[in-house]
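Open the model in your viewer and keep the selection tool ready. We will go stop by stop.

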Amino acid sequence: MCKQMPVIALVDCNNFYVSCERVFHPDLEGKPVAVLSNNDGCVVARSAEVKALGVKMGTPAFQCAELFARHKVRVFSSNYTLYGDMSHRVMEVLRESAPRIEVYSIDEAFLDLSGLRAEPALSRSAGIRKTVGKWTGIPVSIGLGPTKTLAKIANRLAKKRPEWNGLFDLTGTDRRKAILKTVPVKEIWGIGPRYARLLQDRGLQSALDLSNCADWWIRKHLTITGLYTVFELRGQPCLDLEPVPAPQKSVACSRSFGSPISELPAIRQALCLYVQQAAVKLRGQGLLAGHIQVFLKTNSFKPGPRHEAHQGRPLPRPTAFTPTLLSKAREILEVLYRPGHAYQKAGVILSELKPASTRQLSLFDPDQEQQSRENKLMQALDRLNSKYGQDTVRIGLTGDSRKSWEMRRDRLSRRFTTAWDELPQAG
């Protein structure tokens with residue numbers, strides 16, 4: 001019996017941050033829209049209209065101010081609460097569309113359509129695209145291929161030409177060589193800038209050139225990972241879908257301050273909030289941390305004294321209990337801080353993670369009653385913040401006066417889907 005060819009679909013949300021804003025501002029459809037990074041620093045999302053103005057990804061916002069004003073570009077600060085919730089909604093629709101799915105990023109997912117033969121994969125993909133748009137308002141492009149690497153290439157092509165209606169199929173072999181000949185090696189998923197320069201120096205300019213290269217040469221110069229990429233370009237699957245994300249090795253939370261700060265109390269206040277947010281991530285994944293690291297840094301691009309430092313320490317026991325993490329983080333901060341420096345960023349990294357369910361007992365652990373109290377306290381804290389909004393209830397060390405260090409987001413839209421008082425209103 002002939003083995004069925006795999007069919008992998010890569011679903012990618014179009015200009016995702018911009019699309020999220022347009023869902024709740026339909027008057028912006030067809031008009032130039034840009035979204036800025038943390039502290040309103042750089043352009044991180046652009047509508048097609050902004051791209052047509054020549055604005056590159058990562059361009060500092062101040063450099064675009066005159067251009068944006070002249071062309072009436074609508075500019076938004078990054079609304080991560082809104083984007084995260086919209087991403088969740090898109091992924092839930094996709095989970096109903098295929099038996100296996102790998103959420104690759106906030107706006108991308110691989111779907112395995114291999115066993116769904118009731119209708120052709122291309123027409124099924126058109127249905128998925130229509131359903132996502134109808135149920136969430138987010139436009140998506142879908143690329144099809146027998147491997148993840150070819151699906152990535154197909155998705156990129158699906159976005160390039162309007163006549164393809166956001167869909168492109170590379171599952172067949174009839175036109176694959178002609179298509180791969182048009183794809184530069186630097187645009188291949190898994191080929192970084194360094195490898196791209198190496199390949200170009202050797203005369204390998206396109207994906208077709210790379211797919212025709214000898215296996216031994218690829219293994220020697222691009223390692224086994226590069227060889228897997230070449231096999232995938234030839235239509236041989238090497239990278240399986242990962243429905244369950246790989247366990248995290250660390251949990252981090254860091255931010256650039258809205259403006260540089262020199263006072264220790266303000267830095268301590270900010271760090272305490274970051275620790276609390278990292279602890280929430282930890283508990284949400286059922287993990288405990290055995291090590292904590294704190295870092296501080298000044299702005300390398302501005303005049304004045306510079307200082308960048310970090311230090312890590314083991315925790316007394318693997319834990320996700322916020323007060324324990326806060327105590328250790330504050331100890332480290334006191335060592336790192338230097339008076340007279342204007343710090344631009346601080347953060348915390350929790351590592352040596354272990355599942356809470358498999359934690360080994362120790363003679364130094366608190367008694368069961370105390371552990372039970374700690375767990376109940378954290379559960380209550382997380383429940384309240386989940387219901388009423390992040391940081392509604394927090395440890396007192398965080399304080400209330402946060403304007404000096406809070407991230408600057410002067411153009412922030414409302415949290416339309418997660419806050420009762422910011423829900424859209426019907427006109």
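This tour visits one helix, then some salt bridges, then the cysteines. Keep in mind that the model is predicted.

**Stop 1: helix 3**

Select residues 61-70, which form helix 3. Which residues of helix 3 are buried? Color A61, C64, L67 and F68: these are the buried ones. Now look down the axis of helix 3. The buried residues fall within an arc of 115°, so they line one face of the helix. A general rule helps here. An α-helix has 3.6 residues a turn, so residues three or four places apart point the same way.

Next, show what lies against that buried side. The buried residues of helix 3 pack against strand 2 (33-36) and strand 3 (43-46). They also pack against helix 2 (48-52) and strand 4 (74-77).

Turn to the face pointing away from the buried side. Select F62, E66, A69 and R70, the exposed residues carried there. Then step past the end of the helix to K72. K72 follows helix 3 and has a positive phi, near 55°.

**Stop 2: a salt bridge within helix 3**

Stay on helix 3 and show the side chains of E66 and R70. They meet in a salt bridge, with N and O 2.7 Å apart. How many residues apart are E66 and R70 in helix 3? The answer is 4, about one turn of the helix. Are E66 and R70 buried or exposed? Both E66 and R70 are exposed.

**Stop 3: a salt bridge between two helices**

Now select E334 and R268. Their side chains also form a salt bridge, at 3.0 Å from N to O. E334 sits in helix 12 (residues 322-336), while R268 sits in helix 11 (residues 264-284), so the pair ties together parts that are 66 residues apart in sequence. Check the surface at E334. Its relative accessibility is 42%, so E334 counts as partly exposed.

**Stop 4: R415 and E422**

Select R415 and E422. This pair forms a salt bridge too, and the closest N and O atoms are 2.8 Å apart. The two ends are covered to unlike degrees: R415 is partly exposed, with a relative accessible area of 29%, whereas E422 is buried, with a relative accessible area of 16%.

For a network, select R22, E29 and E49. Salt bridges that share partners join R22, E29 and E49 into one network. How many salt bridges does a search of the whole structure find? It finds 19.

**Stop 5: the cysteines**

How many disulfides does the structure hold? It holds 0. Go back to helix 3 and select C64, along with C42. The sulfur of C42 is the nearest cysteine sulfur to C64, at 9.0 Å, and C64 is in no disulfide. C64 is buried, with a relative accessible area of 4%.

Then select C253 and C272. Why is there no bond from C253? The closest cysteine sulfur, in C272, is 12 Å from the sulfur of C253, too far for a bond. A disulfide needs the sulfur atoms within 2.5 Å. C253 is buried as well, with a relative accessible area of 3%.

**Stop 6: R156**

End at R156, in helix 6 (residues 148-160). R156 has 42% relative accessibility, so it counts as partly exposed. Finally, select L412 and draw a distance from C-alpha to C-alpha. R156 and L412 are 30 Å apart in space and 256 residues apart in sequence.

How values were computed
Residues are numbered from 1 along each chain as its sequence is written. This is a predicted model: local features need pLDDT of at least 70, side-chain atom pairs count only at pLDDT 80 or more; totals for chains, interfaces and linings use all residues. Side-chain values use heavy atoms; hydrogens and water are left out. Buried means under 20% relative accessible area, exposed over 50%, partly exposed in between (1.4 Å probe, protein chains only). A salt bridge is a side-chain nitrogen of Lys or Arg within 4 Å of a carboxyl oxygen of Asp or Glu. The arc is that of the directions from the helix axis to the C-beta atoms. Contact means heavy atoms within 4.5 Å.
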